Amino acid sequence: MNDVAVVGFAQAPCVRRTHGTTNGVEMLVPIFAEVFEQTGLTKADIGFWCSGSSDYLAGRAFSFIAAVDAIGAFPPIHESHVEMDAAWALYEAWLKIRMGEVDTALVYGFGKASAGELRRVLSLQLDPYVMAPLWPDSIGIAGLQARLGMDAGLWSEKDLAEVAARSRRDATSNPFAQLSGDVEAARLLEEPLVADPLRAHDIAPVTDGAAVIVLASVERARDIVERPAVITGIEHRIDSPVLGARDLTRSPSTERAGLAVGARDVEIAELHAPFTHQELILRDALGFGDDVRINPSGGALTGNPMFSAGLTRIGEAARQILAGNASRTLGHATSGPALQQNLVAVLERG
Amino acid sequence: MLADKSRTCFTSVVTSAATETEQTPLSAPLNVGFDYTRSVGPVLGHFVNALRQRRIVGIRGSDGRVHVPPVEYDPHTAEALTEFADVADEGTVVSWSWAPEPLEGQPIQRPFAWALIRLDGADTALLHAVDAGSAAKMRTGMRVRVRWADEPVGHIRDIAYFLPVDAPPDDPAPTPPPPPVVEREEGSPVTTVVTPVHLSFEHSVSPEESRYLRGLAEGRLIAQRCPACGKVYIPPRGACPTDGVPTVEEVELPDTGIVTTFCIVNVPFLGQRIKPPYVAAYILLDGADIPFLHLVLGCEASEVRMGMRVRAAWKPRQEWSTTLENIAHFEPTGEPDAPYESYAHHL
Ligand SMILES: [Zn+2]
């Protein structure tokens, strides 16, 4: 079966609010142009297109259909869509290339989270019988998870603030980040609790954004870029939707996905953690020691574009290889409440 | 996707914002709502029917543990579960978080706590709300008790919320309206639960569409030309579907054109504004490369045909705003029909 590599990555700036449409066209047109520039490919060279987005975020049925205008989708293209973070669209595209059906694919994700009330919209991904009718918001649920770890002595408020401070410092060198700055953890702890036990710095911002990745079979990849980022393993797993039955301080799905792809021994890991404590859960699940550099981009805590933040993590992990900064990296994506579903990809210099 | 749900309201009137400039895209509130109607099946059915009697039941898993709320299949063996077990309406807070500003639809409409609550007799925790008054009065391990809805209907919200056993607030908490109930025969069990879903958005149109809508408010039909293929689109596109680039060059079109294709609507439906039969048609304005949908009135429905020449019937000027509804409908001009070859590639 064909090995698959990332050969191009681009992202729209993470911003609190765009004037753009919920179909993302304004964000997508420039970043498609950017990856075509990076790879020398044209739209005619792409064998398969796959996207991740959500109608619930747009408030409109089939909202992803309008987004294909950004591709220039006439004459008809070979296209698919997942109602999840586009990291899962990347998985679908990876399969298409693995099976030899195509040898190039373009994956994109987009979301205008500012159009609605994000933390309320996200309630609708919960169990529709016993949870969603109560409208538990995403921040409330994350707070339950954070407190479980605090009560168990697994992490403290200070540990969480340190994650936030490091993320913001790292984001100062990321021109696409929404939040950044040189701030001490102690200073962050002086801020009030916004949703006890969470402070503002514990919660990823509401972000409008988009990202795109170009994949190619390894054979094609070598002609396209000097240092393709070969996906040596990719796996996704899911935990129970019953929040009260899970040990929320752990992420068994990440653990299993990590084991399947050989997550240890990476130099850099881009983890999709929309809340500070979730980074600690993920580091633990992947068995990382202090030698693994986490989220040099600043991560989702400094910009969390719904439905592309996970794809962006894989893109950032690939960029480190494409740019010659690392030879083995990891990208992680999450979807659903309290780290319910997790995808892990390991990338190596090809 | 939202498409397969029935809509009870959907408004998309585009209005100008007070602070707009010529360049700011137009935006407007967009409210979407529907009643989520679900059949409960034997396990959740047992659970909601017990709630209606102010009882809480869990289900015993293959390892003997009691799951509350009940699960249909064992999480470890995937075996179908059938052994129900009553649990108490009192229990212990396993974890909690504070909700200082309740959102629409949440169980308590004043500051409250979300909590995972392990009811006495249960081994898993139920997610619900606690009316404690303040975060200072919440703690892990505290005892809480159900406050039942005044009239249980067989829905998770029959548990209105939980109260601290030790120091409940003096007054009942404000709660959202009770969920609607499906009609059923007297005495028969609840088989369907209904949950209203309402979401509010601020919908924006693209800069290109904004120019078009602002033009309509002046009685002008503004199309835009794709810089790559030269095609003229009305409404203009955020990106040309052939080339993937935004349309930019402005083209003003006349209000005359032809019917490319049409259908005669004979069936009445919810929200219909005109009495059937009437004609909904694709109108290709002279100079445009894409037709749009509008009404053809002013003649018998049976007289409408492909290639028929039509002209816009505008509403009185004082009724104009940023909408294609400024054109009430299209009417036949009486000119000879356009030859098929002239529009065949626009079908
Ligand atoms: Zn074009």
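# Loops, rings and a helix crossing

Let's start in chain B, where Pro69(B) sits in the loop between β4 and β5. This is a predicted model, so please read every value below as computed from it. The peptide bond between Val68(B) and Pro69(B) is cis, with omega at about 0 degrees.

Thr77(B) belongs to the loop between β4 (66–67) and β5 (84–87) of chain B. Is Thr77(B) buried, partly exposed or exposed? Its relative accessibility is 43%, and because buried ends at 20% and exposed begins over 50%, Thr77(B) counts as partly exposed. From Thr77(B) to Val48(B), the C-alpha to C-alpha distance is 25 Å, with their positions 29 residues apart in sequence.

Chain A has a cis peptide bond to look at too. Here Phe74(A) is joined to Pro75(A), again with omega at about 0 degrees. Pro75(A) is found in the loop between α3 (63–67) and β3 (79–82) of chain A.

Two other loop residues of chain A are worth a look for their backbone angles. Phe62(A) is not a glycine, yet its phi is positive, at about 50 degrees. The loop that holds Phe62(A) runs between α2 (55–58) and α3 of chain A. With a relative accessible area of 41%, Phe62(A) is partly exposed. Ala338(A), also not a glycine, has a positive phi of about 50 degrees. Ala338(A) is placed in the loop between β11 (328–335) and β12 (341–349) of chain A. At 7% relative accessibility, Ala338(A) is counted as buried.

Now for the aromatic rings. How many aromatic pairs does a search of the whole structure find? There are 10, over all chains. In one of them, Phe32(A) and Tyr108(A) have ring centres 5.2 Å apart and planes at 80 degrees, so this pair is edge-to-face. The pair links distant parts of the chain, 76 residues apart: Phe32(A) comes from helix α1 (residues 25–39) of chain A and Tyr108(A) from strand β4 (residues 104–112) of chain A. Both Phe32(A) and Tyr108(A) are buried. Chain B offers another edge-to-face pair, Phe34(B) and Tyr36(B), so called because the planes stand at 65 degrees, with the ring centres 5.4 Å apart. Phe34(B) is buried, and its relative accessible area is 3%.

Back in chain A, ring pairs join Phe32(A), Trp49(A), Tyr108(A) and Phe110(A) into a cluster.

Rings also meet charged side chains. The table lists arginines whose charged end sits over a tyrosine ring.

| Charged residue | Ring | Distance from ring centre |
|---|---|---|
| Arg38(B) | Tyr129(A) | 5.6 Å |
| Arg237(B) | Tyr233(B) | 5.9 Å |

Finally, there is a helix pair in chain A. Helix α4 (residues 86–98) of chain A and helix α12 (residues 309–322) of chain A have axes that come within 6 Å and cross at roughly 60 degrees. That angle makes α4(A) oblique to α12(A). Which residues meet where these helices touch? On the α4(A) side they are Ala86(A), Ala87(A) and Leu90(A), and on the α12(A) side Gly310(A), Leu311(A) and Ile314(A). Sorted by class, the contact of α4(A) with α12(A) comprises 5 nonpolar residues, 1 polar residue and no charged residues.

Definitions and conventions
Residues are numbered from 1 along each chain as its sequence is written. Chains are lettered from A and ligands numbered from 1 in the order in which they are written. This is a predicted model: local features need pLDDT of at least 70, side-chain atom pairs count only at pLDDT 80 or more; totals for chains, interfaces and linings use all residues. Side-chain values use heavy atoms; hydrogens and water are left out. Rings of Phe, Tyr and Trp (its six-membered ring) pair if their centres lie within 6.5 Å; planes under 30 degrees apart count as stacked, over 60 as edge-to-face and the rest as tilted. Helices (H or I, at least four residues) and strands (E, at least two) are DSSP runs, numbered from the N terminus. Buried means under 20% relative accessible area, exposed over 50%, partly exposed in between (1.4 Å probe, protein chains only). A charge sits over a ring if NZ of Lys or CZ of Arg is within 6 Å of the ring centre and within 35 degrees of the ring normal. Axes are lines fitted to C-alpha atoms, for helices over the stretch in contact, and angles run from 0 to 180 degrees between N-to-C directions. Angles under 35 degrees count as roughly parallel, over 145 as roughly antiparallel, 65 to 115 as roughly perpendicular and the rest as oblique. Contact means heavy atoms within 4.5 Å. Ala, Val, Leu, Ile, Met, Phe, Trp, Tyr, Cys and Pro count as nonpolar, Asp, Glu, Lys and Arg as charged, and the others, Gly among them, as polar.
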